[in-house]
Amino acid sequence: MSIDLTNLQKLIQASGLLTDAEFAIAKEEAERTGRTIENVLVGEGYLTEAYLAEIVAPYYGAPVIDLKQVELSPTVVGIIPEAFAKAKHIVAFEDDAVNKKVKVAMLDPLDLDTIAYLRAKLGKWVEPYLTTEAGLHHGLRHYKGKGEEVGFDKAISENIERSLSLADSGDLSKTAEAVPIVAILDNVIEQAVVLDATDIHFEPIESGTLVRFRIDGILREMFSLPKQIAPILVARVKILASLRIDEHQMPQDGRFRFELEDGSTVDIRTNVMPVLKGEKVEMRLLRSSARPLSLGDLGLQKDTIEIMREEIKKPHGMIVVTGPTGHGKTTTLYAILNILNTQEVNITTVEDPIEYELPRVNQTQVNEKAGITFANGLRALLRQNPDIIMIGEVRDSETVEIAIQSALTGHLLLTTLHTNDAPSAIPRLIDLGAQPFLLSSTLNVAIAQRLVRRICTSCIESYPISPAIKKLVDNQIKLSGDTVSIKPPKTLYRGKGCNVCGGSGFRGQIGIFEVMRVSDPIKELILKSASALEIRRVAIKEGMLTMFEDGLLKVESGVTTIEEVLRVVQE
């Protein structure tokens with residue numbers, strides 16, 4: 001958007017959605033972090049992108065269009081050349097051949113030069129619409145499309161045929177640099193990015209190699225590749241990730257940066273593991289340029305956000321985020337760091353891997369070959385005069401001991417742990433060697449989380465709860481022993497499946513959380529080395545919202561489905 005600050009402030013004041021004080025805070029945050037004011041307003045949860053677009057639409061004199069709600073045709077999108085559309089941040093979404101009119105979504109509908117150029121080039125009247133960055137990104141994907149629309153399968157098939165002739169070559173390093181192999185891997189990565197996948201799996205099976213993408217937390221089979229080219233493709237990945245291509249018996253870890261066709265980049269963390277039928281490749285896609293999410297974006301309830309903000313203001317102590325692998329623990333830590341990241345503090349991290357690059361934060365990557373582990377990395381960074389420390393994970397007694405000493409000596413320390421719920425973090429830390437009397441003095445808050453899929457807002461529908469689902473919910477309530485106030489919702493929601501969500505009924509993910517403050521009664525239980533169950537009962541009595549309760553609140557508000565909540569918390 002090209003609206004100036006003065007006009008933006010006037011429009012927001014007129015809307016009544018923000019106070020002058022809130023706008024001033026957002027403006028200061030934008031100046032501090034080097035972001036645009038619009039990015040801050042959306043990123044910090046003051047406004048949604050959709051609300052912001054509605055507010056500024058009168059300034060542009062153009063209607064608002066949500067491209068996610070429109071059935072986009074690659075033919076119509078392709079009226080405007082892809083390079084020009086990406087450069088000018090525009091997408092054609094409707095072509096009226098009878099009236100010779102094209103509707104174009106734009107980030108800046110006042111870009112009159114672009115509109116005039118399109119009118120002359122297309123020989124049609126161009127009607128500008130205002131869209132959001134998320135909507136524009138969705139629209140631009142239709143140059144690549146999904147599956148058959150983009151000729152993705154065709155491109156893969158053509159390069160497979162060319163690659164088969166290379167299979168008998170004895171020199172893997174040269175064969176892996178061949179154009180068809182390079183094209184296959186590039187197409188796979190591009191398609192994974194288009195579909196918002198977080199992981200790519202190459203899995204050797206009897207007949208070849210199965211390619212699967214993890215989308216919204218669920219693995220989906222995409223296609224399979226012939227057995228003959230699997231070793232060449234694995235070699236290609238190894239070359240990019242600076243791994244040994246002649247090593248087939250040992251696991252290897254690496255990383256590389258991939259440049260997309262639109263000029264942006266994605267960091268790819270790679271693991272190659274020997275399995276029964278060959279070597280399995282796992283590639284985690286890390287969008288390092290993406291902005292850290294706010295606590296509201298993550299899915300924390302308003303009351304819980306207030307608790308979090310109070311706890312992270314403390315100058316020392318430990319904040320521990322727990323949950324299974326792949327459920328957003330590191331993302332939560334980044335959201336907290338983004339709040340704490342001011343020019344008055346020195347923030348230092350040891351991570352594996354570095355998933356987001358944060359300005360003014362000194363981030364160190366774990367590198368065991370170079371002798372940098374979580375434990376000795378933490379020991380070294382204590383000599384860097386830090387105020388706030390983030391350790392990617394505590395997994396051994398040495399790291400736990402140093403972390404607790406750091407929290408005792410005036411540092412705020414953030415880390416992650418693998419436990420099922422927030423109260424279980426305490427017995428787990430004691431098992432790892434933490435002394436109860438030290439832990440009770442240092443642990444400020446424990447957070448547990450899971451990720452559930454969001455219902456697609458384009459095809460959401462309501463329906464009454466069935467007796468079978470009600471029974472499952474009742475059983476979970478009894479098993480979890482949370483609070484007697486929990487009741488199964490009467491109305492449930494689901495996505496019917498549409499072109500926007502690819503027929504799945506889901507689009508995106510959100511967290512369900514429980515945040516446990518370490519109060520005086522809980523400190524006494526820590527000193528007694530009480531069980532997680534005893535600690536849980538006291539925390540609930542003090543008002544802790546459990547993950548199951550948080551999930552049911554999101555079910556009742558139509559954010560996710562009851563099946564999703566039961567999938568991640570069912571005991």
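Two strands are said to pair if DSSP finds at least two bridges between them. The legends below describe close-up views of a predicted model.

**Figure 1. Strand 9 and its two antiparallel partners, strand 8 and strand 4.** Strand 8, residues 265-275, is joined to strand 9 by 9 bridges, and the two run antiparallel. Between strand 8 and strand 9 there are 2 residues, and the pair forms a hairpin. Within this pair, Ile268 stands opposite Leu285 of strand 9. Strand 4, residues 197-205, also pairs with strand 9 in the antiparallel sense, here over 4 bridges. Asp199 has Arg284 of strand 9 as its bridge partner. Strand 9 covers residues 278-286, and 7 of its 9 residues are buried, so the strand is largely enclosed by the rest of the structure. Strands of a sheet pair through backbone hydrogen bonds, either parallel or antiparallel.

**Figure 2. An open sheet of 3 strands.** The strands are arranged in the order 1-2-3, and their pairing is mixed. Strand 1 (90-96) and strand 3 (125-130) stand at the edges; each has a single partner strand, so one side of each is left without a neighbour in the sheet. From one strand to the next, the twist averages 25°. Strand 1 and strand 2 (residues 101-106) run antiparallel and are joined by 6 bridges. Asp95 stands opposite Val102, which belongs to strand 2. Helix 7, residues 112-122, lies across strand 1, strand 2 and strand 3, and runs at about 145° to strand 3.

**Figure 3. Ile80, a buried loop residue.** Ile80 is found in the loop between helix 5 (74-77) and helix 6 (82-88). Why does Ile80 count as buried? Its relative accessible area is 1%, and a residue is called buried because that value is under 20%. Leaving aside residues up to four places away in sequence, Ile80 touches Ala85, Ile90, Ala92, Val104, Leu118 and Tyr143. One of these contacts, Ala92, is 12 residues from Ile80 in sequence, and the two C-alpha atoms are 6.8 Å apart in space.

**Figure 4. An open sheet of 7 strands with helix 15 packed on it.** The order of the strands is 12-11-13-14-10-15-18, and the pairing is mixed. The edges are held by strand 12 (361-365) and strand 18 (506-517); each has a single partner strand, so one side of each is left without a neighbour in the sheet. On average, neighbouring strands of this sheet are turned by 20° against each other, direction ignored. Helix 15 (residues 329-340) packs on the sheet and touches strand 10 (317-322), strand 11, strand 12, strand 13, strand 14 (412-417), strand 15 (443-455) and strand 18. The direction of helix 15 makes about 165° with that of strand 14. Inside the sheet, strand 11 (residues 347-351) and strand 13 (residues 388-391) run parallel and are joined by 4 bridges. Thr349 has Met390 of strand 13 as its bridge partner.

**Figure 5. Ser406, a buried residue of helix 17.** Helix 17 spans residues 397-408 and includes Ser406. Is Ser406 buried or exposed? With a relative accessibility of 1%, Ser406 counts as buried. A polar atom of the Ser406 side chain lies 2.7 Å from the backbone oxygen of Ile402. Ser406 also touches Leu378, Leu382, Ile389, His411 and Leu413, a list that does not count residues up to four places away in sequence.

**Figure 6. The crossing of helix 1 and helix 4.** Two packed helices are described by the angle between their axes and the distance between the axes. The axes of helix 1 (residues 5-15) and helix 4 (residues 49-60) come within 10 Å and cross at roughly 120°. This crossing of helix 1 and helix 4 is right-handed. Helix 1 contributes Asn7, Leu8, Leu11, Ile12 and Ser15 to the contact, while helix 4 contributes Leu52, Ile55, Val56 and Tyr59. Sorted by class, the contact has 7 nonpolar residues, 2 polar residues and no charged residues.

**Figure 7. Helix 23, a mostly covered helix.** Helix 23 consists of residues 547-556, and 8 of its 10 residues are buried. The buried residues of helix 23 are Met547, Phe548, Glu549, Asp550, Gly551, Leu552, Lys554 and Val555. Just after helix 23, Gly558 takes a positive phi of about 80°.

Key. Residues numbered from 1 in each chain as written. Predicted model: local features only at pLDDT ≥ 70, side-chain atom pairs only at ≥ 80, totals over all residues. Heavy atoms only, no water. Axes fitted to C-alpha atoms, helices over the stretch in contact; angles between N-to-C directions. Left-handed = near helix turned anticlockwise from the far one by under 90°. Contact = heavy atoms within 4.5 Å. Nonpolar A, V, L, I, M, F, W, Y, C, P; charged D, E, K, R; others polar. Buried < 20%, exposed > 50% of the residue type's maximum accessible area, 1.4 Å probe, protein only. Polar contact = N/O pair within 3.5 Å; in protein donor to acceptor, adjacent residues only side chain to side chain.
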